[in-house]
Amino acid sequence: KFEKIWLIFGFGALLVFLTVIGVSAFYLGNQPPSCLATIDPEKVDTTAPFDKPGLKKVEGKEWDYELVFVASAFSYSPARVEVPLGAKVKVIATSKDVMHGFQAAGTNVNMMLEPGYISEVVTTFKNPGEFLIVCNEYCGVGHHMMHSMIEVV
Ligand code: CUA
């Protein structure tokens with residue numbers, strides 16, 4: 001008798017888990033990060049949008065601005081950029097050489113920049129101030145000097 005109850009409970013729990021996974025995957029659109037756009041690391045300087053790093057206003061998208069960064073040993077381009085307070089910004093970045101990190105301290109922006117791939121994140125800068133961007137992947141002797149600054153005004 002008890003076996004039967006436990007069996008039903010077991011199958012019931014399994015069904016609940018599968019339903020939760022199914023709903024989150026297909027209805028909410030939760031997917032593991034994949035299908036990153038690719039780029040030839042040798043041609044970063046001549047490929048849009050990386051030929052003109054910096055902040056750009058965009059129309060007709062879910063975000064108001066696109067902020068493009070190029071990382072290379074041991075700096076970011078641009079080295080400093082101003083972003084309007086409250087702007088919804090898509091940060092787009094790539095690396096020209098080795099793997100670099102891209103973490104904007106005090107924000108939820110934290111990406112890995114891999115040569116050959118384009119990393120993107122959409123964020124809203126809700127607080128004014130200076131937000132230091134640091135490299136959090138060890139990339140060589142100049143790793144600790146690699147930084148940029150987002151100034152939200
Ligand atoms: Cu770039 Cu560490």
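So, one helix and 10 strands: that is what the protein chain has in this predicted model. Going along the sequence, the order is α-β-β-β-β-β-β-β-β-β-β, with the helix ahead of the strands. The radius of gyration is 21 Å, while the globule rule gives 15 Å for 153 residues, so the chain is more spread out than a compact globule. You can put a box on that as well: along the principal axes, the C-alpha atoms fill roughly 70 × 35 × 25 Å.

A few totals for the whole chain, please bear with me. Of the 153 residues, 34% are buried. The protein chain exposes about 9,700 Å², and carbon and sulfur atoms supply 62% of that area. If we take contacts with a separation of 6 or more, 60% of them come from residues 24 or more positions apart. On charges, there are 12 positive and 16 negative ones, and their mean positions sit 8 Å apart.

Now, the interior. In soluble globular proteins, nonpolar side chains tend to be buried together. Which residues touch the most other members of the largest nonpolar core here? They are Phe 69, Tyr 76, Val 89, Phe 102 and Ile 150, out of 24 residues in that core. Several strands give two or more residues to this core, among them E2 (65-72), E5 (88-95), E6 (100-104) and E10. E2 makes the largest contribution, with four residues. There is also a second, separate core of seven residues, including Ile 39, Phe 50, Val 68 and Ile 118.

Let me stay with Tyr 76 for a moment. Setting aside neighbours within four places in sequence, Tyr 76 is in contact with Phe 69, Val 70 and Ala 71, and also with Gly 101 and Phe 102. Further along the chain, its contacts include Leu 113, Ile 133, Val 134, Cys 135, Met 146, His 147 and Ser 148.

Next, something to look at in the backbone: cis peptide bonds. One of them runs from Ala 48 to Pro 49, with omega near 0°. Pro 49 is placed in the loop between helix H1 (2-27) and strand E1. Another cis bond joins Ala 73 and Phe 74, again with omega about 0°. For Phe 74, the location is the loop between E2 and strand E3 (75-77).

Phe 74 also brings us to Val 141. Their C-alpha atoms are 8.6 Å apart in space, with the two positions 67 residues apart in sequence terms. Val 141 belongs to the loop between strand E9 (129-134) and strand E10 (147-152). Is Val 141 buried or exposed? Its relative accessibility is 71%, so Val 141 counts as exposed.

For the other case, take Gly 54, in strand E1 (residues 54-57). Gly 54 counts as buried because its relative accessibility is 9%, and the cut-off for buried is under 20%. Beyond neighbours within four places in sequence, Gly 54 is in contact with Glu 66, Leu 67, Val 68 and Pro 78. Val 68 was one of the residues in that second core.

Where does Gly 54 sit relative to Gly 22? The two are 32 residues apart along the chain, and 39 Å separates their C-alpha atoms. Gly 22 falls within the range of helix H1 (2-27), so do have a look at that pair on screen when you get a chance. Thanks, everyone!

Terms used:
Residues are numbered from 1 along each chain as its sequence is written. This is a predicted model: local features need pLDDT of at least 70, side-chain atom pairs count only at pLDDT 80 or more; totals for chains, interfaces and linings use all residues. Side-chain values use heavy atoms; hydrogens and water are left out. The radius of gyration is taken over C-alpha atoms; the globule rule is 2.2 Å times the number of residues to the power 0.38. Buried means under 20% relative accessible area, exposed over 50%, partly exposed in between (1.4 Å probe, protein chains only). Contact means heavy atoms within 4.5 Å. Accessible areas come from the Shrake-Rupley method with a 1.4 Å probe; for residues, only the protein chains shown count as cover. Lys and Arg count as positive and Asp and Glu as negative; His and the chain ends are not counted. The place of a charge is taken as NZ of Lys, CZ of Arg, CG of Asp or CD of Glu. A nonpolar core is a set of buried Ala, Val, Leu, Ile, Met, Phe, Trp, Tyr and Cys residues joined through side-chain atoms within 4.5 Å.
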